[in-house]
Amino acid sequence: MKAKILISILILTSFLFVKCSEDYLTLSDPNNITKGSFYSEPEHAELATNAAYASLQSFGLYAQYWSYFADFKSDESFATRNATNPGSYTLADLASYQTLATNAEAARIWRDCYRGIYRANEVLLEVGVNMKNIADPDILQRSIGEVHFLRALYLLHLVKAYGEFIIVPEKNPTDRDEFFRPLAKAGKAWEVIISDLQKAKELLPKKGSALVSGKNLGRATKGAAAAYLGKAYLFMTSPIYNSKLIDANAYYQLAKTEFEDLANGNFGSYTLTNYFRDNHNNTSENNSESLFEVQFEFLGDESDVWEEHDPISTQEGSMRSKGSGMHDGYAVRWYNNAPTDGAYFEFERDPAKPDSVIDPRCFMTMWCPKGARFTDNNKVYSYEDIKWRKGNYGWRKYEYDFDPNEVYGKQTSNDHNTRIMRLADVYLMYAECLIALGNESEAAVWINKVRKRATNAVNEGQVNDHLVYNIKNPVTNGVVNPLPTVQELIASAPIINGVKIDNMMKALRHERRVELAGEQHRWFDIIRWNIGEQVINDPLFEAPGSYFLPIPQEEIDNNQNIHN
């Protein structure tokens, strides 16, 4: 599936951006693929659909800037000195709560989402309408389901970043006037997102089907569509995201239904992985817990990675660990993005020993005191050996425990898939719905499933045999005392980051923060719960204005139907 996306984007992009221009020649070269000849063979349906996935791998989304944006804005990460020096002005502005409309990195998010929507719309027309009698019926149905899913996913990213008042193109422009579209009216973005996800859920195969297995592993499934449909409904319970909200409980009930069906296996067999870290390494991708992930891999010579990240990219690696992992000076890292003290201290401690972390997820999530070791230039470093600035930490999720240059050669990027929807998130969203609807005892069941897995052993490499949760540890053999149940946690009512965890909703919010730390969920949880003024300590922050990015100035300048 990974390589197929690359091949497809090379083919499809060659004519997507000239489809509205005139035909200057009447002669055709049988050796070259053109707009007129492409949608003529059965396999073209699959190739075109593959290209619609590619924007997820772009710089504006999961190759780099989406994680910067979502992390910097939240209270679990911050832009380091490296990211805020004069040479990195746009990153500093992206981290600000008054990001400018001229910010180039914010514009990348906007542009890459709409590029994905354009490709999805292209498939809906050319494959869904014009290839009905050419494509294999099963591939055709899957393809149409996939692009409905992808269009909804790109639109959801735009709503999360810019709010619901965005451009909502349900079809591609056919003349110049259609290029200049106004912002959607209240509710329109959600209407299209929900409709697309409902269609995707109807059309896509279940996990385990031959259509999404083997070489097709990683494609969207019925379960992925259901998970995002539930998530969309959950976001619609927030008046910050849904200006037409009247009855939040109605949306909680709709979300609950989707999550309940997933939890009961109605859309395929999903289970939590035995080991928490299997959700963030490059050896257990597309696993039993994964509902949807952005596929990344090393491909070819990446010595000029900056030039190759473009619409016809021949490189499919993520830059995430380059900017958000180990401290600079080690493994040629930039260290632009680092966890906050709040993120570190959210992990539970032994009440009798406040400096003793009892939640192993802390050490699997970040580089921190008494945590994982890192190998660079054949030397093993502990956290204490590294000259972290002012006691800072580093993100370990989606990062190697060694310098990849020493293992893979001159690799600038990273081949770890980014899991953007996994079962633990579904369980916690399901629990949140149950709490809102008054069923806290059932909510506790699903929260406890996530907490119980947290202390399972992890079979990692020799470099981290010292960690108690590693099954190779000669002293502990991976035996770790389980975390308290959520009921026990509430009964003890610890104060964590100034919040007394004395009810189920507070426990749920705490659990989301530790389970999903560094996975770009926290900022959007802050927005939909509207707790920014409680957790963001910055004089520039103002709710709700600081919650959303401004529409890019380039869009305003080019589109006479938009004002910011």
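Two strands are taken to pair if DSSP finds at least two bridges between them. In the structure considered here, which is a predicted model, strand β2, residues 290-294, and strand β10, residues 418-422, pair in the antiparallel sense over four bridges. Within this arrangement V294 of the chain stands opposite T418 in β10, and the bridge partner of F292 in β10 is M421. Both strands are mostly covered: five of the five residues of β2 are buried, and for β10 the count is likewise five of five. In a regular strand the side chains alternate between the two faces of the sheet.

At the level of the whole protein, the model contains 23 helices and 12 strands. Of its 564 residues, 61% count as buried, and the accessible surface comes to about 22,600 Å², with 51% of that area belonging to carbon and sulfur atoms. Among the contacts between residues at least 6 apart in sequence, 70% join residues at least 24 apart.

The largest nonpolar core comprises 126 residues, of which F69, F149, I166, F292 and W523 touch the most other members. Helix α8 supplies the largest share of this core, namely 14 residues. A second, separate core of 30 residues includes A343, W367, V458 and V514. F292, named above as the bridge partner of M421 in β10, is thus listed among the residues of the largest core that touch the most other members. The surroundings of I166, another residue in that list, can be given in detail: leaving aside neighbours within four places in sequence, I166 is in contact with W110, Y114, L155, L158, V159, L183, A184 and A189.

Helix α8 spans residues 137-162 and contains H148, and L156 lies in the same helix. H148 has a relative accessible area of 8% and is therefore classed as buried, the cut-off being under 20%. When neighbours within four places in sequence are left aside, the contacts of H148 are with L124, D196, K199, A200 and L203. For one of these contacts, A200, the C-alpha atom is separated from that of H148 by 5.6 Å, although the two residues are 52 residues apart along the chain. L156, at 3% relative accessibility, also counts as buried because its value falls under 20%. Not counting residues up to four places away in sequence, L156 touches W190, I193 and Y228, while its C-alpha atom is separated by 8.3 Å from that of A189, a residue 33 residues apart from L156 along the chain. An α-helix has 3.6 residues a turn, so residues three or four places apart point the same way.

Two further helices were examined for their span and cover. Helix α7, residues 104-126, has 23 residues and reaches 32 Å from its first C-alpha to its last, close to the 33 Å expected at 1.5 Å a residue. This helix is mostly covered, with 19 of its 23 residues buried. At the start of α7, a side-chain oxygen of N103 reaches to within 2.9 Å of the backbone nitrogen of E105. Helix α10, residues 222-235, has 14 residues and reaches 20 Å between its first and last C-alpha atoms, close to the 20 Å expected at 1.5 Å a residue. It is mostly covered as well, 14 of its 14 residues being buried.

A buried polar position is found outside the helices and strands, at D401, which is placed in the loop between β9 (394-395) and α16 (404-408). The relative accessible area of D401 is 10%, which is under 20%, so the residue counts as buried. Its side chain makes a polar contact of 3.5 Å with the side chain of R277, and a polar contact of 2.8 Å joins the side chains of D401 and N464. Leaving aside neighbours within four places in sequence, the contacts of D401 are with R277, W367, R373, F374, T375, R396, V463 and N464. One of these contacting residues, W367, is also included in the second core of 30 residues.

Terms used
Residues are numbered from 1 along each chain as its sequence is written. This is a predicted model: local features need pLDDT of at least 70, side-chain atom pairs count only at pLDDT 80 or more; totals for chains, interfaces and linings use all residues. Side-chain values use heavy atoms; hydrogens and water are left out. Helices (H or I, at least four residues) and strands (E, at least two) are DSSP runs, numbered from the N terminus. Buried means under 20% relative accessible area, exposed over 50%, partly exposed in between (1.4 Å probe, protein chains only). Contact means heavy atoms within 4.5 Å. A nonpolar core is a set of buried Ala, Val, Leu, Ile, Met, Phe, Trp, Tyr and Cys residues joined through side-chain atoms within 4.5 Å. Accessible areas come from the Shrake-Rupley method with a 1.4 Å probe; for residues, only the protein chains shown count as cover. A polar contact is a pair of N or O atoms within 3.5 Å; within protein, one must be able to donate a hydrogen and the other to accept it, and residues adjacent in sequence count only if both atoms are side-chain atoms. The expected span of a helix is 1.5 Å times one less than its number of residues.
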